[in-house]
Amino acid sequence: MVPIRSPRPLPTICSSPCAQTEELFVASLDKMTQQTVFIPESDAAEVECQLVIIGGGPAGLTAGIYAARSGLKSVVVEKGVLGGQVALTPVVENYPGMKQVGGKTLVDIMVTHALEYVDIFPGEEVVDIIPGQPHIVQTSRRKFKTQAVLLATGATHRNLGVPGEAKFAGRGVSYCATCDGPLFRDKRVFMVGGGNSAATEALYLHNMGVNVTLVHRRDRLKAQDVLIHQLLDNGIPIRYNTEVKEIIGENRVTQVVLLDNTTGTTTTEAADGVFLAIGYDPAVDLARKVGLALTEEGYIKHEEFRTNIPGIYVAGDVTGGSKQIVTAAGYGSEAALAVFEDIINPYWKKA
Ligand SMILES: Cc1cc2nc3c(=O)[nH]c(=O)nc-3n(C[C@H](O)[C@H](O)[C@H](O)COP(=O)(O)OP(=O)(O)OC[C@H]3O[C@@H](n4cnc5c(N)ncnc54)[C@H](O)[C@@H]3O)c2cc1C
C-alpha cells in the first residue's frame, strides 16, 4: 500500500521546473496562449486515501482543492483531458475574475492550482466502484482504497448531426445561450429544440436583444405552458414541424437550410447563429453500475451532494442544473465540504 505523498512537489509548467511566474501568467491571459502542465506519473498499484474524485473538470478540480485544504488526503482521477468540457471551450467570458480567457488557459490555471493540494491521475478511467469500508475504486491502472468517493463525471450536450454543425461549432453554432448569447446581440439566430431548455434559452436571447426564432421538428412544444406563453407574449417566432438540415457559412455561420417536414420543402435562410438545446447525456454509466439512484431526467439523484449510497457523493453537470463552469466549481466546493463533514461525523452512524 502506497500512501499519498506529502509534502507536495510543485507542478512543472511549460519547460520550466518552477512555478509559473507572474509574467507568464499575465502573458498567457493577454495572448490566450496555451500552456502545458506537467503532472508526475505514479506507478503505485494501490493507493490509500480519504477521497477519490472521479472527473477532472471544474467540479472535480474544485472539490480536490477544497477537500485537500480541509485536510483530507484526496486524489482526482481523469480518464480524458483535464478540465473536462472547459478544455473544449475556445473562449470563456463568464467566469468571475477572468473577463476573457481561453478555455485551455483556464484549465491550466485550475490544474496548476489543484496540483498544489491534490494528486491528479490523468489518462486513467474509473471502471468500477465497490462500496464498503473502505470503498474500492478500480481504475484502468490501479486500485484506490478510500473513505469517500465523489463522482464529477459531467454531461455531454447532444448534437444535431447535420452538415456544418461540427465545422461551425464555436463560430456561430453554440450549445449554450448563457455562455455565448451576448456575442449575438442584434443578430439573427435560430434556437433548435422544443423543451424547457430551448424555450428558456430563446427567452434569454430575446431578452438580451438577439433576434431569435425557435425551430422545433414537432407540431407542439414540450416546454411548460408558462414558458410557451412567455414566448408568445414576447413575440418570439416559433417554426413548428421544421428541421435544421444544414448549417452553411465560410468562416462563420451565414445561412441555415430548413425543412418543413409536413410539405417536404426546404428553404435557405440567412442566419448569424444556430443555438442547439436538444438535451444532454449525463455520464452515469458508472453510477448505474454501482446502483446510484438517478432522476427522471437521468442525472444522479442527491441530497446536498450525498447519493443514496453512504460515502458516495456527486457534483457538477452530472447532477443536472444550469451547466456552467462557475456552478460546477460551486457544486464541487460544496460537495467536498459535505464529504469533510461526514468523514468527521458520519451521518450514517448517527442514531
Ligand atoms: C463547447 C462548450 C463551451 C462551453 N462554454 C462555456 C462557457 O463559456 N461558460 C461556462 O460557464 N460554461 C461553458 N460550458 C459548460 C461548462 O464547460 C460545463 O458546465 C462544465 O465544464 C461542467 O463541469 P463538470 O466538472 O461538472 O464536468 P465536465 O467538465 O464535463 O468534466 C467531467 C470530467 O469527468 C471525466 N470522467 C467521466 N467519467 C469518468 C471516469 N469513469 N473516470 C475518470 N474520469 C471520468 C470526463 O472525462 C471529464 O473530463 C461549455 C461547454 C461546452 C461543451
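Two strands pair if DSSP finds at least two bridges between them. With that rule in mind, strand 15 (residues 211-215) and strand 16 can be read as partners, because they run in the parallel sense over two bridges. Within this pair, L214 stands opposite I238 in strand 16. The structure described here is a predicted model. The points below treat the sheet with its helix, a hairpin, a pair of helices and the surroundings of the ligand.

**The open sheet and its helix**

- Strands 15 and 16 belong to an open sheet of five strands, arranged in the order 13-20-14-15-16.
- The pairing in this sheet is parallel.
- Strand 13 (173-174) and strand 16 (238-239) are the edge strands, and each of them pairs on one side only.
- Helix 5 (residues 196-207) lies across strand 14 (188-192), strand 15 and strand 20 (273-276).
- Relative to strand 14, helix 5 runs at about 165 degrees.
- In a regular strand, side chains alternate between the two faces of the sheet.

**The hairpin**

- Strand 17 (residues 242-249) pairs with strand 18 (residues 253-260) in the antiparallel sense, over seven bridges.
- The connection from strand 17 to strand 18 is a hairpin through three residues.
- In this pair, V244 stands opposite L258 in strand 18.

**Two packed helices**

- Two packed helices are described by the angle between their axes and the distance between the axes.
- For helix 2 and helix 8, the axes come within 7 Å and cross at roughly 40 degrees.
- The crossing of helix 2 and helix 8 is right-handed.
- On the side of helix 2, the contact is made by P58, A59, G60, T62, A63, Y66 and A67.
- On the side of helix 8, the residues in the contact include I325, A328, A329, Y331, G332 and F340.
- By class, the contact of helix 2 with helix 8 has 14 nonpolar, four polar and no charged residues.

**The surroundings of the ligand**

- The ligand is surrounded by 35 residues, of which the closest are G55, G57, G84, G154 and G316.
- Helix 2 (58-69), strand 5 (74-78) and helix 8 (325-344) are the elements that give two or more residues to this shell.
- By class, the shell around the ligand has 17 nonpolar, 13 polar and five charged residues.
- Domain 1 (13-156 + 280-349) and domain 2 (173-276) each supply at least three residues to the shell around the ligand.

Notes:
Residues are numbered from 1 along each chain as its sequence is written. This is a predicted model: local features need pLDDT of at least 70, side-chain atom pairs count only at pLDDT 80 or more; totals for chains, interfaces and linings use all residues. A residue is near a molecule or strand if its C-beta atom, placed from the backbone, lies within 6 Å of it. Helices (H or I, at least four residues) and strands (E, at least two) are DSSP runs, numbered from the N terminus. Ala, Val, Leu, Ile, Met, Phe, Trp, Tyr, Cys and Pro count as nonpolar, Asp, Glu, Lys and Arg as charged, and the others, Gly among them, as polar. Domain bounds come from an automatic or database domain assignment. Axes are lines fitted to C-alpha atoms, for helices over the stretch in contact, and angles run from 0 to 180 degrees between N-to-C directions. A crossing is left-handed if the near helix is turned anticlockwise from the far one by less than a right angle, and right-handed if clockwise. Two residues are in contact if their C-beta atoms, placed from the backbone, lie within 7 Å.
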